[in-house]
Amino acid sequence: MNENDKKEQPEKSAESKPRFSLKAPLAGALGTLLGSSKARVGFVIVMIFVLAGVFASSIAPGDPKKYVGKPNQPPSAQFILGTNPQGKDVFRQFVWGSRLSLLIGFGSAALMTIIATVVGMMAGFYRGIVDDVLNFIMNLFLVIPGLPLLVLLSAYLKPGTTTIIFALAITGWAFNGRIIRAQTMSLREKDFVAAAVVSGEPALKIIFIHILPNMVNILVGGFIGAVIYGIMSSTGLAFLGLASTADVTWGTNLFWAQNGGALMIGAWWAFMPSGMAVAIVAFGLALINYGMDEITNPRLTAERNVNSVLKKARIPRMRATPVVPHEH
Amino acid sequence: MRFILRRLGFYLAALAVAVTINFFLPRLLPGDPAAVILGTQASKLTAENLKAVREALGLSDAPLIQQYVTYLNHLFQGNFGLSYTYFPAPVTKVIANGFIWTLLLGSVSLILSFVLGNLIGIIGSWRRGGVIDSVLPPLLIFIGSFPAFFLALGMLYTFGVKLDVLPISHAYNNRLPQGFNLPFILSIIEHMILPATTSVLLGIGGWALGMRNVMVSVLADDYVTMAEAKGLKQARVMFRYAARNALLPGVTGFGIALGAVLSGQILIETVFSYPGLGFLLINSVNGRDYPLMQGLFMMITVGILAANFFIDILYTWLDPRVRAG
């Protein structure tokens, strides 16, 4: 007994170290993220808004919901971004709005990724009835129109941050779930999984400890896509007046501006900051994904290498396989 | 054939789930749904008001399963109740009206963004590193990053308010006699320009990028090199040989894109007060018109499912491998 234990232990720890920890793959994902200039730019953009949200009280001190002066004032020294139709300070709204908007975006994305990972990996790993049922559920959520369901949900449920995070997660997880399922199905055929199965490891351990770390890139990419979805959809809902109008988010800022007819009187400054913030954050997140894709997708990397070689050799890009002359 | 039947079965199951969601959502509300729904006016409510709402929602004291059967019965008879906001029009009639406009705006903008996006993708991948390939994709991603309603507001402000060259709301000129005559049709087109352009701008980037990525790998295939080596015309190789095969994943994407297009269109319709299903849906929620809201969700879901089924059929026709499998 004792001997057996001793024999097994070193083997186990040697085997478990690389596989049990998510650190290495996460660090790898971070490495790829910072390895691309596109992704770096995106990362900086997103971080600026995250920091603005975290330090909102020192960047734009004061209550963003307070009436501060005459409505619809253009930007001035007193109000950097002017006032909105309700006489609120647009700059405060804009800075404070990033806090809740990003919280909803990242919160719902985290929830979506968790649901997608659990359901997608289960469906991909098990075959037969489990896969059939889970796959059916995923396809179902994919095909039922998201925004109408969101609208319906928010009409019946009490508006609030938690409600919107859950509603977004329910309507938005399936897309990633399908991608994760497909990836799990292909990883399932790999030798290391077969080895784990043969050595009698429990299925859940194989799924989450052996397979999961091998698809961190996909999970991170899916997570970022989910953040975009979360921010976009929650802003849209709030703009339609379907979120709690007492909260300060970019969406509710736009709702109030529209509600007061800011565009009709030409008060574009009430719209621009919050709307541009959503667009720039979404663009930053898309850049991160785009940059990561460029690095992790061997086809795109190969293409970039070929392009740079061709450029150096001053050969115009053409369809047929080019022959690069040796420089002597 | 078996493939199509299987898909049909799936869509019917999806429809059943949507119907069930529609049935249970109002019943998930704590307390008496009718009272919650009438909410703010609760103090002025008479017992009769409450009863009317309960009837409209198919709520009764009968066991849940019996209510469900009654609800299904009404659905099959096409009975969605009467709309509150457009009282006394039946929900079905209001929806039928909105459906025409959504279908018109949706199909025009979807076809335009599909064709233009794929063209950009094809030409961009053909001339990799050229202007179309290096400038357009990032620009289109950036435009696609705007929330649909914000882009719509921007268009409305620029072309409708500032320049004042295009109408900013509704789908046609009210003062013109309706019917198949030139001025009326022209006014429909004029009213469609802003919402359709917004929708196309939002959607085109996705198509272009998707097409480009598939084209890049198809162009590396031997048969394309062969076609070029034979000295076929560039356009022929590009469209008849490469693009034709690269189009397949895009067609599958069409079904999934429909949902996103529809979401965008709901917001666009609302901004431009375009009298389609999305505009009606938001109005029904704001006006607490629950029968109309439920009917709209049903109708939108049926529409999306039907469109997906149509795409499946189209796909089997385009790709014989699916038929065999």
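When I say helix in this talk, I mean a DSSP run of at least four residues of type H or I, with the helices numbered from the N terminus. With that in hand, we can place a residue such as B:T197, which is found in helix 9 of chain B. Please keep in mind throughout that what we are looking at is a predicted model.

Let me begin with chain B as a whole. Its secondary structure comes to 14 helices and zero strands, so that, read from the N terminus on, every element in the series is written α. Of the 325 residues in chain B, buried residues make up 37%. If we take the contacts in chain B between residues at least 6 apart in sequence, 70% of them join residues at least 24 apart.

B:T197 gives us one example of two distant stretches of sequence brought together, for B:T197 and B:M155 are 42 residues apart in sequence, while their C-alpha atoms are 8.7 Å apart in space. Is B:T197 buried, exposed or partly exposed? B:T197 is partly exposed, because 18 other C-beta atoms lie within 10 Å, and a residue needs 20 or more to be called buried.

Next, I would like to turn to helix 11 of chain B, which covers residues 234-271 and has 38 residues. A straight helix would reach 56 Å at 1.5 Å a residue, yet the end C-alpha atoms of helix 11 are only 44 Å apart. Where does helix 11 of chain B bend? The bend is at B:A243, and it comes to about 50°.

Just after helix 11 of chain B we meet B:S273, with a positive phi of about 45°, although B:S273 is not a glycine. As a general point, most residues other than glycine have a negative phi. B:S273 is found in the loop between helix 11 and helix 12, the latter being residues 277-286 of chain B, and B:S273 counts as partly exposed because it has 13 C-beta neighbours inside 10 Å.

B:D164 also has a positive phi without being a glycine, in this case of about 55°. B:D164 lies in the loop of chain B between helix 8, residues 148-162, and helix 9, residues 182-219. With 9 C-beta neighbours inside 10 Å, B:D164 counts as exposed, since the limit for that class is 12 or fewer.

Finally, let us consider how the two chains meet. The contact takes 36 residues from chain A and 46 residues from chain B. On the side of chain A that touches chain B, the elements that give two or more residues are helix 6, helix 7, helix 12, helix 14 and helix 15 of chain A, and the largest share, seven residues, comes from helix 7. Sorted by class, that side of chain A has 25 nonpolar, seven polar and four charged residues.

One residue to look at here is B:I304, whose place is in helix 13 of chain B, residues 290-318. Which residues is B:I304 in contact with, leaving aside its neighbours within four places in sequence? They are A:V143 and A:P145 from chain A, together with B:L258, B:G259 and B:L262 from chain B. B:I304 counts as buried because it has 22 C-beta neighbours inside 10 Å. B:I304 and B:I256 are 48 residues apart in sequence, and 9.5 Å apart in space from C-alpha to C-alpha.

Notes. Residues are numbered from 1 along each chain as its sequence is written. Chains are lettered from A and ligands numbered from 1 in the order in which they are written. This is a predicted model: local features need pLDDT of at least 70, side-chain atom pairs count only at pLDDT 80 or more; totals for chains, interfaces and linings use all residues. The expected span of a helix is 1.5 Å times one less than its number of residues. The bend at a residue is the angle between axes fitted to the seven residues ending there and the seven starting there. Two residues are in contact if their C-beta atoms, placed from the backbone, lie within 7 Å. Ala, Val, Leu, Ile, Met, Phe, Trp, Tyr, Cys and Pro count as nonpolar, Asp, Glu, Lys and Arg as charged, and the others, Gly among them, as polar.
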